Amino acid sequence: MKIAAVSSILLRIPAKPKGPPAQLGGRSFTGLDVLLVKVETDEGVTGWGEAFGHESIRGTKATLESLVAPLFIGRDPTDINRLMGEMMQKVHIYGRSGAAVYALSGIDIALWDIAGKRAGLPLFQLLGGSAREMPAYASLARYTDPKLVGQVAAMAVAEGYRYVKLHEIDVPQVKAAREAIGPENELILDTNCPWTVAKALDMAAALAPYRLHWLEEPVWPPENHEGLARVRATGAILAAGENAAGLHDFRHMFEKGAIDIAQPSVTKIGGITEMRKIIALAEAFGVRLVPHNAYFGAGSIASLHIVASLPAETVYERLYVDLEAYPFGDWQKAPGGKVRVPEGPGLGCDPDMAVVERFRVTPDVAIR
């Protein structure tokens with residue numbers, strides 16, 4: 001079997017956060033960009049992946065088509081470990097994170113989809129897991145107004161979520177959310193790297209009364225692992241990793257004792273192949289792993305399988321937004337705050353091509 005073609009499809013899907021207008025990633029939130037990656041073989045087996053991008057997604061698409069995809073044509077898609085190791089080395093000159101690695105991530109996910117389809121097994125079984133229902137956490141947009149934060153947090157709990165994550169950066173919003181969801185539900189705070197170490201230390205103390213399940217990325221820059229370790233030493237439960245540049249970055253975090261919870265993103269760090277290495281390393285260091293998943297392409301489905309394969313029950317991140325349509329249908333929804341993993345071969349489901357054609361931004365370019 002050989003790889004015959006690699007292409008990417010850019011989708012722009014209208015979406016809105018629950019409740020009033022809000023921000024996501026510092027921008028007004030009106031929709032989601034999704035970069036699907038399609039790998040076709042000469043034996044008719046097709047795999048689907050997703051490469052990271054958000055606002056930089058066109059750069060990822062261009063890098064995939066011009067630089068990364070041509071390297072895979074004619075190669076054996078079943079030799080994943082050897083192939084991805086070679087490709088990581090070939091593109092390292094362009095950075096150990098960024099568009100080239102994002103593109104590799106999308107292709108790698110597609111290769112694992114192909115592997116599962118050839119074996120007739122769902123990905124979670126290939127990874128050593130079992131099908132089950134898993135808790136999801138509602139990952140809220142940033143609302144700023146404490147009253148709105150409380151209202152939306154309460155809305156998520158009313159829908160069945162028992163874990164709620166905020167993207168706020170001050171105490172009044174956290175206080176409002178805790179009062180809204182009560183003591184029996186878990187509250188998470190993702191601050192997106194806003195503070196110096198000194199400020200983060202002060203904020204960790206101020207936030208302590210609200211019993212955060214974890215405090216996420218409180219220090220700028222994200223690679224200041226020594227600073228994270230200082231904040232963690234106060235007793236705060238720290239999570240980080242969505243901005244980490246692969247296995248070596250996580251190893252440094254673990255060696256510095258920087259975090260309690262690792263958050264690798266399968267669409268950013270090199271796909272499932274790199275994710276497996278990080279999972280093993282986290283287990284060796286006694287660090288809990290909760291994949292980062294702010295996506296609605298094949299990466300969200302791959303994340304379902306990864307969560308299902310982990311040795312301990314783990315919560316699944318689900319952006320608390322409504323999409324006009326879902327590329328992978330009901331598998332991307334979380335009724336009652338729960339998700340289930342598809343049980344078909346590979347990822348267990350292919351994208352709905354009617355949705356793909358409806359929201360396609362530009363024609364895909366197939367590299368052959």
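The exercises below, each with a worked solution, concern a predicted model.

**Exercise 1.** Work out in what order the four strands of the open sheet are arranged, and which of them are the edge strands.

*Solution.* Begin with the order of the strands, which is E5-E4-E1-E14, with antiparallel pairing in this open sheet. Next, look for strands that pair on one side only, and these are strand E5 (46-50) and strand E14 (321-323), the edge strands. As a last step, consider how the strands are turned: neighbouring strands of this sheet make an angle of 35° with each other on average, when direction is ignored.

**Exercise 2.** Find how many bridges join strand E1 to E14, and name the bridge partner of lysine 16 in E14.

*Solution.* Strand E1 covers residues 3-17, and three bridges join this strand to E14, the two running antiparallel. Following lysine 16 across to E14, one arrives at aspartate 322 as its bridge partner.

**Exercise 3.** Determine which strands helix H1 lies across, and which strands helix H3 touches.

*Solution.* Take helix H1 (residues 57-72) to begin with: this helix lies across E1 and E4, and runs at about 165° to E1. Then turn to helix H3 (residues 99-119), which packs on the sheet and touches E1, E4 and E5, while its direction and that of E5 make an angle of about 145°.

**Exercise 4.** Place aspartate 33 in its strand, and describe the polar contact and the other residues that aspartate 33 touches.

*Solution.* Aspartate 33 belongs to strand E4, which spans residues 31-41. Its side chain is joined to the side chain of arginine 12 by a polar contact of 3.2 Å. When residues up to four places away in sequence are not counted, aspartate 33 touches Leu10, Leu11, Arg12, His54 and Ile57.

**Exercise 5.** Describe the surroundings of phenylalanine 52, and explain why its pair with tyrosine 102 ties together parts that are apart in sequence.

*Solution.* The search of the whole structure finds seven aromatic pairs. Phenylalanine 52 and tyrosine 102 form an edge-to-face aromatic pair, with 4.9 Å centre to centre and 80° between the planes. Because phenylalanine 52 lies in the loop between E5 and H1, whereas tyrosine 102 lies in helix H3, this pair ties together parts that are 50 residues apart in sequence. Both phenylalanine 52 and tyrosine 102 are buried, and together with Tyr295 they form one aromatic cluster. Finally, the charged end of lysine 268 sits over the ring of phenylalanine 52, at 4.4 Å from the centre of that ring.

Notes: Residues are numbered from 1 along each chain as its sequence is written. This is a predicted model: local features need pLDDT of at least 70, side-chain atom pairs count only at pLDDT 80 or more; totals for chains, interfaces and linings use all residues. Side-chain values use heavy atoms; hydrogens and water are left out. A polar contact is a pair of N or O atoms within 3.5 Å; within protein, one must be able to donate a hydrogen and the other to accept it, and residues adjacent in sequence count only if both atoms are side-chain atoms. Contact means heavy atoms within 4.5 Å. Two strands pair if DSSP finds at least two bridges between them. Axes are lines fitted to C-alpha atoms, for helices over the stretch in contact, and angles run from 0 to 180 degrees between N-to-C directions. Rings of Phe, Tyr and Trp (its six-membered ring) pair if their centres lie within 6.5 Å; planes under 30 degrees apart count as stacked, over 60 as edge-to-face and the rest as tilted. Buried means under 20% relative accessible area, exposed over 50%, partly exposed in between (1.4 Å probe, protein chains only). A charge sits over a ring if NZ of Lys or CZ of Arg is within 6 Å of the ring centre and within 35 degrees of the ring normal.
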